[in-house]
Amino acid sequence: MDDNGGRLGRLRRISERLEQRVPEPSEGSWRIRVSGEEPTLPTMEDVPLIRTDFSDDVTWASVRDAVLAPHPQGRGEVFRADVTPVDDRRFAGLTGAELVARVPADPECPEDPSMTLLVVADATTMTSAEHHLLLVAIDVSANDLMRRLRTTPRAVQMVENNLTGANMGWDEFVDSADDDGVVREN
């Protein structure tokens, strides 16, 4: 029998102290997964193009410029990727999952994330021949399922415009990827 001074009592007190230190996110709000000391992504209208590898400034500039470049589509139409570069060393080395954990809640609808698509320039981007970017999508309707896909810089516009405009779904891009799993511009 435990008199609260024994082993079970000590474990209970340790557990209670830990529960007091870790505040639970409010129910219904976007899952806050990071402490207040870790940076969250900036809230923005566009899809963020987040740099997580800082090993090569020249390659980063080239990739960023290719993503932001206009894409002529015929009949005089020109499309651009609706992305905003985030060049912040506080995000150095973070994975797609760690970046998703830093997505702030939508100020108008706190139960949802403020963004559901991220474009990431990571180590693979800097070292692969075609500079494949990582696209990460948060599927809120599927219990915040996180999906990943690689794409060339020039194909970001096609994928981003069609996903955010709901013209195509994620699975259609997965199916259109080449054998190496990378989506390329048609």
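A nonpolar core is a set of buried Ala, Val, Leu, Ile, Met, Phe, Trp, Tyr and Cys residues joined through side-chain atoms within 4.5 Å. The exercises below use this term for the structure shown above, which is a predicted model.

**Exercise 1. Describe the chain as a whole: which elements does it have, and how much of it is buried?**

Solution. Begin with the elements, of which the chain has six helices and 10 strands. Next, turn to burial: of the 186 residues in the chain, 40% are buried. The accessible surface comes to about 11000 Å², and carbon and sulfur atoms hold 48% of that surface. Finally, consider the contacts whose separation is 6 or more: 61% of them are between residues 24 or more positions apart.

**Exercise 2. Find the residues of the largest nonpolar core that touch the most other members, and say which elements contribute to this core.**

Solution. The largest nonpolar core holds 24 residues, and those touching the most other members are V67, L133, V156 and V183. Two or more residues of this core come from each of β1, α2 (57-68), β7 (117-121), β8, α5 and α6 (170-176). Among these contributors, α5 gives the largest share, with four residues. A further core of 15 residues lies apart from this one, and I50, V103, V120 and L134 are among its members. As background, nonpolar side chains in soluble globular proteins tend to be buried together.

To follow one of the well-connected members, take V156, and leave out residues up to four places away in sequence: V156 then touches V67, A81, V83, V119, L133, L135, T151 and N161.

**Exercise 3. Decide why helix α5 can be called largely enclosed by the rest of the structure.**

Solution. The first step is to list the buried residues of α5, which are V156, Q157, M158, V159, E160, N161, N162 and L163. The second step is to compare this list with the length of the helix: eight of its nine residues are buried, and therefore α5 is largely enclosed by the rest of the structure. Just after the helix, A166 has a positive phi of about 60°.

**Exercise 4. E160 is a buried residue: which side chain of opposite charge is nearest, and what does the side chain of E160 reach?**

Solution. First place the residue, which lies in helix α5, spanning residues 156-164. Then look for a partner of opposite charge: the nearest such side chain is that of R80, 11 Å away, and E160 has no salt bridge. This agrees with the cut-off, since a salt bridge needs a side-chain nitrogen of Lys or Arg within 4 Å of a carboxyl oxygen of Asp or Glu. The side chain of E160 does, however, reach the backbone nitrogen of D82 at 2.9 Å. Once neighbours within four places in sequence are set aside, the contacts of E160 are V47, R80, A81, D82, V83, L117 and G165.

**Exercise 5. Which parts of the chain are linked by the salt bridges E130 to R184 and E185 to R154?**

Solution. The whole structure contains 12 salt bridges. In one of them, the side chains of E130 and R184 meet with N and O 2.5 Å apart. This pair links distant parts of the chain, for E130 is in the loop between α4 (123-127) and β8 (133-139), whereas R184 is in the segment after β10 (182-183), 54 residues apart. Both partners count as partly exposed, E130 at 33% relative accessibility and R184 at 23%.

In the second pair, the closest N and O atoms of E185 and R154 are 3.8 Å apart. Since E185 lies in the segment after β10 and R154 in the loop between β9 (145-151) and α5, this bridge ties together parts 31 residues apart in sequence. Here too the partners are partly exposed, with E185 at 37% and R154 at 31%. Salt bridges with shared partners also join E130, D178, D180 and R184 into one network.

**Exercise 6. Is P39 buried or exposed, and which residues does it contact?**

Solution. P39 sits in the loop between α1 (7-21) and β1 (47-51). Its relative accessible area is 16%, so P39 is buried, the cut-off for this class being under 20%. Apart from neighbours within four places in sequence, P39 contacts R90, F91 and R102. R90, by comparison, is exposed, with a relative accessible area of 53%, and its side chain forms a salt bridge with that of D88 at 2.8 Å, N to O.

Definitions and conventions:
Residues numbered from 1 in each chain as written. Predicted model: local features only at pLDDT ≥ 70, side-chain atom pairs only at ≥ 80, totals over all residues. Heavy atoms only, no water. Buried < 20%, exposed > 50% of the residue type's maximum accessible area, 1.4 Å probe, protein only. Contact = heavy atoms within 4.5 Å. Areas by Shrake-Rupley, 256 points an atom, 1.4 Å probe, with all protein chains shown as cover. Lys, Arg positive; Asp, Glu negative; His and termini not counted. Polar contact = N/O pair within 3.5 Å; in protein donor to acceptor, adjacent residues only side chain to side chain.
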